[in-house]
Amino acid sequence: IRGSKALVLDKDLSGALSLIVDFGVLKDHGVEKIFLLEDGLLDTGSIKGVLYLTLPHIRKMKLIAEQVRAGSQGGGSGLSSSKEYSLQLVPRRTLLCERVLEEEGVLGDITIGEYRMDFIPLEDDLLSLELPSTFKELYLDGDFSSIQHVARAVMRLQGLYGFFPRIVGKGDYAQVLADSLARMRLELVAGGTSGPSSSVLAMSTTFDSLVIIDRAVDMVTPLLTQLTYEGLISEVYGIVNGSVTLGGVGASAADGAGSSDSQSTGKRRRIMLNDSDAIYREVRSMNFAGVGALLSKISRQLQDNYESRHRAKTVQEIRSFVGKLGGLQAEHQSLKSHVSLAESIMRRTQSDDFNTILEIEQSLVGGSDLTKEQLAYVEKILALADPNASVPGVGGELKEQPPASMPNSIHKVLRILCLYSLWRGPSFKQKTYDSWYEDIVAAFGHHQTITLDNLDQVGLLVSPSTLAQAVASSAGESRASGLLNTVAPSARPCNPVHANSIGFLRKSLNLIVSDVRESNPDDVSYVYSGYAPISIRLLQCLVRDPAVYPANPSGRYAALLRPLGDSRARPAPLDGQSTGGVKGGWAGWEDVLNELPGETVDVSQSPGDGDSNGAVADAIVRRLGEKAPATLVVFLGGCTFTEIAALRLLSQQHGHQYIAATTQIINGNSFLDSLIQRN
């Protein structure tokens, strides 16, 4: 669009786009005004060009059509002489959106295209598509669109770095993604790529493998209360697109000298949370138990740096201090913000409510049933339910300072009940389920029967009667009950041998660590103060990390540390050598994989023809895998900040970079929110 133009942004995209481009760049390209796509007419004044940037949703197409018709009526002689409309769909153009615009009578008046945003680099080791509700779309709606988006984004990475020598993963949608990548590669080869672009067919020397983790393989982790500093900010405030907004007392305490934003609103301030903040970079992945001591240490160091001005005697020393003054002031402002955040989080962590929930979670993951007092607490939450409670990270930003106790929202209740269902499994009694079902409907409304059915279908809160029927049925009919059985893959174990799969996994994967070191961690279980995420343990299985083996050297999995004669088995590296990288694949872990839902993926990509079999491919994978410095870990359905922190710890321990790529960043509230029925 030539000349001046107005940009109309989808609310769900505005935060993600702000991470890519700022208003100054847009202004240089003729953007004079920016609007959010909302109900009502669009007043662009004399600006002729209007550019819509939105997700491909039916409701949003109808909003755009309404505004285009209004612009047509206001133009007098028609659209061509008044406004010039352009629509860019993110991440791809769909026939459904075009059909809606055609039925609304405005298709011929809009120029339609697509903007492939792909992965957004939130950090050097974190990529995100920032797509909302992907878990619901996959496992409840049977919508594969997000798989296509991830596949295209991964193919772009392979175009930059070469093809991943190996693709491994777990879960039904991990298999779908692997198949999509194989098909796209064959299409690229069949296209006869030549010239400079032919380098895309080479094997990567940067990435040794692509690891795909389907969220359905580990639905427990996002439901647990995150205990790292970054994870607790997400739990208490809600981190949206890499930033958090302070309100009320927290903002005034953090403002210090104040900013233009905080002065204009008086109470609110937005803080970007990324590695550009030196203090945040140091504390973000720490267990919250050690954050206070570290912030105190940083405060003393900062004070000492300020006091150095009194020791400056010569002109050179004074000039040196003045040169550091700007950085000291920025660090001081950052310290104030994080002290304010930490104080607010500490009020939450010291509350009886928080500690009771933590005890319930630890009881369940440890294999124990809830006590009478804990069951009474669940009943108390239901009795004091607040259907209109504000939930962090859901529906935008918090408008006020978060309370010391988490509001009694339906999210709070369902996180506990879903954990109970996942961990108790066969021990979950129908009588207990029926009682909770009635209490939820009474507390939050009859429309929540749809929510409970949604949770049943995706395998989060399964009725014992449904579970019994599924176990008794044949393998071909073992999917959870629901209308979308033929579309949504199963979230139950693919080929279980043990009656209590989660109990078997607890021991086999060493999920519970009793002597966890929170301040100076040596195991990924520190992110939950003693519980290791299943998703991360699976990665440790692939890289042959000793943390997943029992302490007894003669145990079932101890042999995996030594050569087995199989070409895929790898010996344990010596101290001081890189221990990272997927070298052995899933060999030896078949009994564990059978107790997890979904397909198992292990494909070696050979150069040129895309053949995934044969000794040639295995030899190439082994040779490249020993040298490649990084592994890409893709989470389908979202990942948590605790999993990202665990990957960073593994990167330090292994001397090997693990890059996290995800459809979106989630916490327990946002994970469940898309499954909850609105009024």
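This note goes through the nonpolar cores, a surface patch and one buried acidic residue of a predicted model.

1. The largest nonpolar core of the model comprises 158 residues, and within this core the residues with the most contacts are Ile233 and Leu460. Helix H18, which spans residues 410–424, gives the most to this core, contributing ten residues. Apart from this core lies another one, made of 21 residues, among them Phe35, Ala65, Leu87 and Ile112. As general background, nonpolar side chains tend to be buried together in soluble globular proteins.

2. Ile233 deserves a look of its own in the structure. When residues up to four places away in sequence are not counted, Ile233 touches Gly238, Ile239, Val244, Leu273, Tyr280, Leu341 and Ile345.

3. On the surface, Leu19, Ile20, Tyr115 and Met272 make a nonpolar patch of about 310 Å². Met272 is found in strand E11, which covers residues 269–272, and Met272 counts as partly exposed because its relative accessibility is 34%, a value between the limits of 20% for buried and 50% for exposed.

4. Is Asp214, a residue of strand E9 (residues 207–214), buried or exposed? Asp214 has 0% relative accessibility and therefore counts as buried, the cut-off being under 20%.

5. The surroundings of Asp214 can be described through its contacts, which, leaving out residues up to four places away in sequence, are with Tyr139, Lys170, Gly171, Asp172, Tyr173, Ala174 and Leu636. Although Asp214 and Glu599 are 385 residues apart along the chain, their C-alpha atoms are separated by 9.9 Å.

Notes: Residues numbered from 1 in each chain as written. Predicted model: local features only at pLDDT ≥ 70, side-chain atom pairs only at ≥ 80, totals over all residues. Heavy atoms only, no water. Core = buried A, V, L, I, M, F, W, Y, C linked by side-chain atoms within 4.5 Å. Buried < 20%, exposed > 50% of the residue type's maximum accessible area, 1.4 Å probe, protein only. Helix = DSSP H or I, 4+ residues; strand = E, 2+ residues; numbered from the N terminus. Contact = heavy atoms within 4.5 Å. Patch = residues over 30% accessible without salt bridge, like charges linked within 9 Å, V, L, I, M, F, W, Y side chains within 5 Å. Areas by Shrake-Rupley, 256 points an atom, 1.4 Å probe, with all protein chains shown as cover. Salt bridge = Lys/Arg side-chain N within 4 Å of Asp/Glu carboxyl O.
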